[in-house]
Structure formats: structure tokens, C-alpha cells
Amino acid sequence: GFADDKNETPSASLLTRRTEAVVVASILLVALGVRAFNLNNEAAWYDEIVTVSLLASPTLSEFLSRCQELSPVAWFNVYEVTEYVWARVIGSSVASIRVLSILYGLGSLVALYAFARSLFSTRAALLALSWTVFMPWHIYFSQEIRFYSLVALFSILSMHSLVQVTRTGSTKWIAVNFALNFLLVWTHIATAFLLVAQGLFLLLTRLRKRTMLAIWAGVNGAMALHAYASQPAFEFDNLDKLVGWIPKPDVVGDAPSVASYLKLIAGHSFGVNDLRPFTAWGEALYPAYPVLKWLLTFVALAAIGVAIWRMASSPTEASEPDNSELTQRQRLYLLALWFFVPPFCAFVGSYALRPMFVERYVIYAAFPVYVLIGYGLSRARSAWIPAAALAIPLAMYAAFQFPGPYRVPFDRIIDTIESNAHDGDVVLTENTVIYTGLSFY
């Protein structure tokens, strides 16, 4: 059975502060181990190689300029600035730069916990955090020498600040939200779709607060338009060069598609080693992979269904004008807009303007799904229900993702070639991506 929502308040918990801190720290320690394990065996792939190779630039401005020349479709200054500084202070090796992404990924987990706790309860937040820890895409992008884990961090913090804007209406929180949105958009332009979701949420829930709406829309709209105008990727007369590698998306089929995006969020195996078990346990469970995959999806959908039912069936009275605490339905609107608007904008924009639907560009819209899963599981009266549910992504990771690597092992391929090649042998590669990877090592 499931618990009643009556008298539930945000952050309500049976845990003491100290116990809560220990539990959260333990989960984060597991997350760190999962993301850092076998890190030296994760070879760099094409986009990472391009970035790492440019870190030798003598100045930051030259580094940013060269990055823009090589990848104008992905103009992400904020990440590149931190990457360059990290390389100068900590080290510029592939493994060293991956550590920076791991820290951003762990930061996104902390932010997710704080957001879910603020919106619902400590129990829901712990369950949402635990579920996300073993999501293959989050593990992968937390190691990636790219902007994705930083986008995840900024997007969650931005939505958390938006909740504070709706609760307080203060210019201080509007300024915090604007600063986070600025960092977000200048990490990657595709995150501007999150601002659309935020604006729609404010219109739905705070239409009477015209001054607050005007201030928020003015500062964020001006910033987004400036970012849009500054993006080289919007040079429509040069689309073939800029986005020729991005096909128009489908609803079903191979990536990019809505179906492949949803499978990514659902936690199906991710990376170059999909469906290639490494352990004896993985070999034994391999025949059951399709069943486990769809069992994982079923459990997630069931938890989401419970969460939506609980929130949608809650009382509909409006919030108090001065208190402005979000109702359950308003929280549902917030999470739904966060989930639907970014991929919808990217999908429609791919046909209206230029191809722009790339699953990893809008994967930041996955987090409200995990918040809903955490809340749905938290409503279970028996502790074994969420425990059994969490065992599924853990088993999926242990059987089909552990111990990696997730990327093409260019370094080991080169070792094999060099140990078997003879003078005069010619090595043929399938494409530029493979050639660049082999050349780097």
C-alpha cells in the first residue's frame, strides 16, 4: 500500500539532521566510486580529443577562440573556462579533466537531493538521489570531457532558485535565478529551452504578480536574446558545415529520436559497450537483459504514476498570497514543464529552423522524472517496495555496465596494432572520428 499525503510537509522526515547527512554522504560516496572506478581505462573520444588537444594553448582567449573555430555548433564558454583553469592548476591529462566532470556530476546529485527535499520530503529526495546514482547516462556524462555534467548542475540549481522566486517573489531570488540561467545558457545554448519552461510555469502559477513577472521576463529574455544573437550555430547560410552531422529526429527508430531519448532517461544501458557484459554475473544475466530493461521501465512508470495521481488528486486551493507555497498540482506543473518543454522545443525547432534535437543536449530534462520516481516510491507504506525498486538499476549497472569502459578503447586498439603491425602495413579507418582517436594515442 501507499501512505496518505495528509499533513505532509516539504522536508518532513524521520531522520535526524546528522543521520540524514551520513546517509546522503554514503550515497554520494557510492556515486563517486561508480564514476571514478576504472577511470584510467576510459579512452578519450573525438570531441574530447579536440578539447584536450587545445588545452596546450598559451592563453585562455586563444583556447576559447580555437574551440569556437573547431566546434561552432557547441559554443560553451563557461565549461571551457573552468576546464582551462583546471588543466593549468590540477593537470591536463585525460583522466585529470575527467575528474572535473565527476565533481560537476556529484554536484548535480547534491543539487537534485536539495531540490527534491525542498519540493517534497527527505525520503523522496533520498530515493530520487539513489535512483539517479546508477543511471548509465549520468555515469557516462559525469566522466565526459564536455559540458553535460555542468549543464546538469546549473539546470537543477536554476529550477531550485525558480521555486524560491515563486515562494518569495523577492528580487534577490530573481537575481540568483538570472545568474544561474546566464551560466546555464552560456554553457550551452540548448539550455535556453529551460527558460521557456520556467516562463510558462510562472505564467501558470504567478500571473497576478505582474511586477515579478515583468522583472523576470525582462532580464532573462534580454539575456537569452543576446545569447541567441551571439551563437555562431545560428548562421543559417552555413548550416551544412555547422550542423550537417545532426539529422532531423524521428519519433521512433534509431537516434536521434524521441524513443531513443526516452530509453536514455529510463536507464537502459549506455555507451559503446551496450549489451556486452564483462562479469560472470553479467554473462549469467545476459539472456534476461530484455526482461530487466523493461522491468526497470515498468517500475519507473509505476512510481511516476503514483506520484502524478497523488499530486493531481490533491486539493486545488490557491496558495496564500503572502506565503506562496506551491500546491501539489503546481509542483506537478513545474516538473512536467521541465520534462516536456526542452525536448519538445528542440524537436519542433529541428523542423522549423535547423536540426537541433540531440539527446544529450536536452538530457537535463531527465531530472524531474527521477524526482517523480523518488516521490512515488516514498509513498509506499512498506520499506521493501522502494528497496526492491532500487535493486533493479543497481543490478542493471552491476551486470551490464560494470566495470566499463564505456568508450571506444583507442589506446588498446593502438597497442594491438603496434604489436602486430609490420613495416609498410597500412591501417584503414572507417571515418574521421576513428582516425582522430587512433592518431591521438
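H5 and H6 are roughly antiparallel to each other, because angles over 145 degrees count as roughly antiparallel, under 35 as roughly parallel, 65 to 115 as roughly perpendicular and the rest as oblique. That is my opening picture, so let me give the background.

This is a predicted model: local features need pLDDT of at least 70, side-chain atom pairs count only at pLDDT 80 or more, and totals for chains, interfaces and linings use all residues. Residues are numbered from 1 along each chain as its sequence is written, and side-chain values use heavy atoms, with hydrogens and water left out.

Now the overall fold. The protein has 20 helices and zero strands. Both are DSSP runs numbered from the N terminus: helices are H or I with at least four residues, strands are E with at least two. Of the 441 residues, 54% are buried. Buried means under 20% relative accessible area, exposed means over 50%, and partly exposed is in between, with a 1.4 Å probe and protein chains only. Next, contacts, meaning heavy atoms within 4.5 Å. Take those between residues at least 6 apart in sequence: 80% join residues at least 24 apart.

Back to the opening pair. Helix H5 covers residues 94–119, and helix H6 covers 122–133. They pack at an angle of about 150°, with axes 8 Å apart. Axes here are lines fitted to C-alpha atoms, for helices over the stretch in contact, and angles run from 0 to 180 degrees between N-to-C directions. H5 passes H6 in a right-handed crossing. Right-handed means the near helix is turned clockwise from the far one by less than a right angle; anticlockwise is left-handed. Who makes the contact? From H5, it is Leu109, Leu112, Tyr113, Ala116 and Arg117. From H6, it is Thr122, Ala125, Leu126, Ala128, Leu129, Thr132 and Val133. These residues divide into nine nonpolar, two polar and one charged. The classes: Ala, Val, Leu, Ile, Met, Phe, Trp, Tyr, Cys and Pro are nonpolar, Asp, Glu, Lys and Arg are charged, and the others, Gly among them, are polar.

Second pair. Helix H10, residues 192–205, meets helix H16, residues 328–352. Their axes come within 8 Å and cross at roughly 145°. H10 passes H16 in a right-handed crossing. On the H10 side, the contact includes Phe193, Leu194, Ala197 and Phe201. On the H16 side, it includes Tyr333, Leu337, Trp338 and Cys345. The split is 15 nonpolar, two polar and no charged.

Now the core. A nonpolar core is a set of buried Ala, Val, Leu, Ile, Met, Phe, Trp, Tyr and Cys residues joined through side-chain atoms within 4.5 Å. The largest one has 127 residues. Those with the most contacts inside it are Phe115, Trp131, Trp137, Leu335, Trp338, Tyr370 and Ile373. H5 gives the largest share, 13 residues.

Look at Trp338. Leave aside its neighbours within four places in sequence. Trp338 is then in contact with Phe115, Ser155, Ile156, Met159, Leu194, Ala197, Tyr364, Ala365, Phe367 and Pro368.

Next, Ile265, in helix H13, residues 258–266. Buried or exposed? Ile265 is buried, at a relative accessible area of 5%. Beyond four places in sequence, its contacts are Met135, Trp137, Phe339, Ile363, Ala366, Val369 and Tyr370. The C-alpha atoms of Ile265 and Met135 are separated by 8.0 Å, yet the two are 130 residues apart along the chain.

Helix H15, residues 289–312, holds Leu295. Met311 lies in H15 as well. Leu295 is partly exposed, at 37% relative accessible area. Met311 is buried, at 0%. Not counting residues up to four places away, Met311 touches Phe120, Gln328, Arg329, Arg331, Leu332, Leu335, Leu372 and Tyr375. The C-alpha atoms of Met311 and Leu332 are 6.5 Å apart.

Last, the loops and the final helix. Asn38 sits in the loop between helix H1 (17–36) and H2. Asn38 has a positive phi of about 65°, although it is not a glycine. Its relative accessible area is 23%, so Asn38 is partly exposed. Ser93 is in the loop between helix H4 (77–89) and H5. Ser93 is partly exposed too, at 42%. In helix H20, residues 432–440, the buried residues are Thr436, Gly437 and Leu438. Their cover includes helix H2 (46–54) and helix H19 (410–420).
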